[in-house]
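Thanks for making the time this morning. I would like to walk you slowly through one structure, moving from strands to helices to rings, and then finish with how far we can trust what we see.

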Amino acid sequence: MASTVDAPSPPFAPLSEEKTTPVAQSPAEASTATIPPRRIVAESSELIFERVSPDLTPTSRNLMSSKVPSSKIGRLFHYGGLAASLGYGAASEIIRRTGSSSNTESSVMMTEANIKRLVSKLSQMRGAALKLGQFLSIQDTHILPPEVDQIFRRVQDSAHYMPDAQMERVMRDSLGNEWAACFDSFDRIPFAAASIGQVHQAVLKAELSPTHVPLPVAVKIQFPNIANSIETDLGYIKFLLTAGKLLPKGLFLDRTVSVMKGELADECDYAREASFLRMFASNLKDDERFKVPWVWDGSTERVLVMEHIDGVSVGEAGVKALSQVDRNDIASRVIELCLRELFHFRMMQTDPNWTNFLWDSRSRRIGLVDFGATREYSKEFMDGWLNLLKAAASDNWQACVDWSLKVGYLTGMRTRLQLMLDAHVKSMTLLATPFKATTTQPFSFGPRTLWADITAEIRAQIPVMLQHRLTPPPRETYSLNRKLSGAFLLAARLEATIDTKRIWDVVVDQYDP
């Protein structure tokens, strides 16, 4: 979701226990032909699932059941308790260091014990605090201090789902008391849970299905009152981060929090997501390389029912077992789609979470799921951003400065800060390297490649830009940069080798000025 559910895609295979239940699957992994079994280990309200696929190495993930704190007072109580426990942990660390001969300069707040406390509480609270962590840590940019980055990355691998009674209330409020009559079957244990909701496997009744036969679906159910807790949650987590002086000044946390607040409010509206699902389905209806799920008209702002589609997450560790041809195809399609979203649709699904892209090796299609993070861009902004990227791909330093000023990356005052200008332009020209006419094609991503050297150089510019940045970047670029860099990161993860210049030319040549 992640807007969405940030969970790897099943199927799941047994770990232990005698009882076997139907497998929980992602929107992209259920099959109408056969449904492999899932066995559940239940211990302290924790379910441990192991995923297995012919193409993938089995991996496991914990899903824990806990009630979602839904009132402001209840959430304040939890955050207050967290602050107190972190203070206790820091005091204990000070005492330990006082009696120790070791000379360490690491933060007394960010100890291993306190990191575990933060991960546990954020996973239980869900909502905006959890999403901010995903927002800040999804990029491989090393902006965050290692301790903070560790917290947010651990949180991404944790998940709590709401108890059955709480889920039942949400379903009744959204679909009515007889909601279960819409389905031939409904798995009451979710296969995924994340910041704002959880996802269940179900089969929609034939009379409600567009195919007029029972249709396997994924049912996204939003946690109660998450939409109303966004502002207060972000305020709490901002206080925790700033009180410990854990973030660099140039990160402009106020702007980041403001952008996140708007994005999360949008993502909590599942009716909005359903409309983008339909728009993407229309935009890609003639492209057999992609599959967008059908969405049920009975969906609401808090419950979204969509077709599930076959596939495995392109971010799975075992995806490298796929052939080089498959990995190249996946990477080239994701990068091309990213550019088309920007320059053709002016509408982008901005969540680069790899579980939103599902590869079906039989049909050789990529399933696209989770459109909660979709953003629209004005033609004026996109004209400017395309010209900036063109200037970077042409190594035109002055044009990069001019278009950066027009887009809003730089201010007139900044022209006096040569260090900032040089770092910004160098980063842009490095980012555009795959699209340059002078770059040897096909272009290789992954370890020990030119792209690995480029990402290291971009990281080296970040401290300079953070130190000398006078104003935050344009609001539109938060989500845009997140997705574009995410596409490149995926190509590197797949160790793909593709003709990026050809992709660039095909998309840009069709741009409507």
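Strand 8, which covers residues 183-186, pairs with strand 10 in the antiparallel sense over three bridges, and within that pairing Ser185 stands opposite Val203 of strand 10. Please keep in mind from the start that what you are looking at is a predicted model.

Strand 10 has further partners, so to speak, and strand 9 is one of them: residues 192-193 make up strand 9, and two bridges join it to strand 10, with the two running antiparallel. Here Ala193 stands opposite Gln198 in strand 10, and the connection between strand 9 and strand 10 is a hairpin through three residues.

How many bridges join strand 10 to strand 11? There are eight, and these two strands also run antiparallel, with strand 11 spanning residues 215-222. If you want to find the pairing on the screen, look for Val199, which stands opposite Lys220 in strand 11, and then for Gly197, which stands opposite Gln222.

Now, why do we call strand 10 largely enclosed by the rest of the structure? The reason is that seven of the eight residues in strand 10, which runs over 197-204, are buried, where buried means under 20% relative accessible area. For strand 11 the count is eight of eight, and therefore strand 11 too is described as largely enclosed by the rest of the structure.

It helps here to recall a general point, which is that in a regular strand the side chains alternate between the two faces of the sheet. In strand 11 you can follow this residue by residue: Leu215, Val217, Val219 and Ile221 point one way, while Pro216, Ala218, Lys220 and Gln222 point the other way, and all of them are buried.

Strand 11 goes on to strand 13, residues 303-307, to which it is joined by five bridges in an antiparallel arrangement, and there Ala218 stands opposite Met306. Before we leave this strand, please look once more at Lys220, because of its place in the pairing with Val199; this lysine also lies over the face of Tyr270, at 5.1 Å from the ring centre.Let us move to another sheet. It is an open sheet of four strands, in the order 12-17-16-14, and its pairing is mixed. Which strands form the edges? They are strand 12, at 290-291, and strand 14, at 312-313, each of which pairs on one side only. Strand 12 and strand 17, the latter made of residues 365-368, pair in the parallel sense over two bridges, and Lys291 stands opposite Gly367 in strand 17. Across strand 12, strand 16 (357-360) and strand 17 lies helix 9, residues 324-345, running at about 45° to strand 17.

Next comes a residue in a helix, Phe381, which lies in helix 10, residues 379-393. Is Phe381 buried or exposed? With a relative accessibility of 8%, it counts as buried, because the cut-off for buried is under 20%. Leaving aside residues up to four places away in sequence, Phe381 touches Val407, Glu476, Thr477 and Leu480. Its C-alpha atom is separated by 9.1 Å from that of Lys406, although these two residues are 25 apart along the chain. Lys406 itself has its charged end over the ring of Trp403, 4.3 Å from the ring centre.

That brings us to the aromatic rings, where a search of the whole structure finds 16 aromatic pairs. One of them is formed by Phe443 and Trp451, an edge-to-face pair with 6.3 Å from centre to centre and 80° between the planes, and both of these residues are buried. They also belong to one aromatic cluster, whose other members are Phe343, Trp385, Phe435, Phe445, Phe488, Trp504 and Tyr511.

Stepping back to the chain as a whole, it has 15 helices and 20 strands, and buried residues make up 55% of its 513 residues. Among the contacts with a separation of 6 or more, 73% are between residues 24 or more positions apart.

Finally, a word on confidence. The mean pLDDT of the chain is 76, and 64% of its residues reach 70 or more. Over residues 1-61, however, the pLDDT is below 50, although this stretch has 206 contacts in the model beyond near neighbours in sequence. Residues 137-143 also stay under 50, and for them the model has 26 contacts beyond four places in sequence.

Conventions
Residues are numbered from 1 along each chain as its sequence is written. Side-chain values use heavy atoms; hydrogens and water are left out. Rings of Phe, Tyr and Trp (its six-membered ring) pair if their centres lie within 6.5 Å; planes under 30 degrees apart count as stacked, over 60 as edge-to-face and the rest as tilted. Buried means under 20% relative accessible area, exposed over 50%, partly exposed in between (1.4 Å probe, protein chains only). A charge sits over a ring if NZ of Lys or CZ of Arg is within 6 Å of the ring centre and within 35 degrees of the ring normal. Two strands pair if DSSP finds at least two bridges between them. Contact means heavy atoms within 4.5 Å. Axes are lines fitted to C-alpha atoms, for helices over the stretch in contact, and angles run from 0 to 180 degrees between N-to-C directions. pLDDT is the predictor's confidence in each residue, from 0 to 100.
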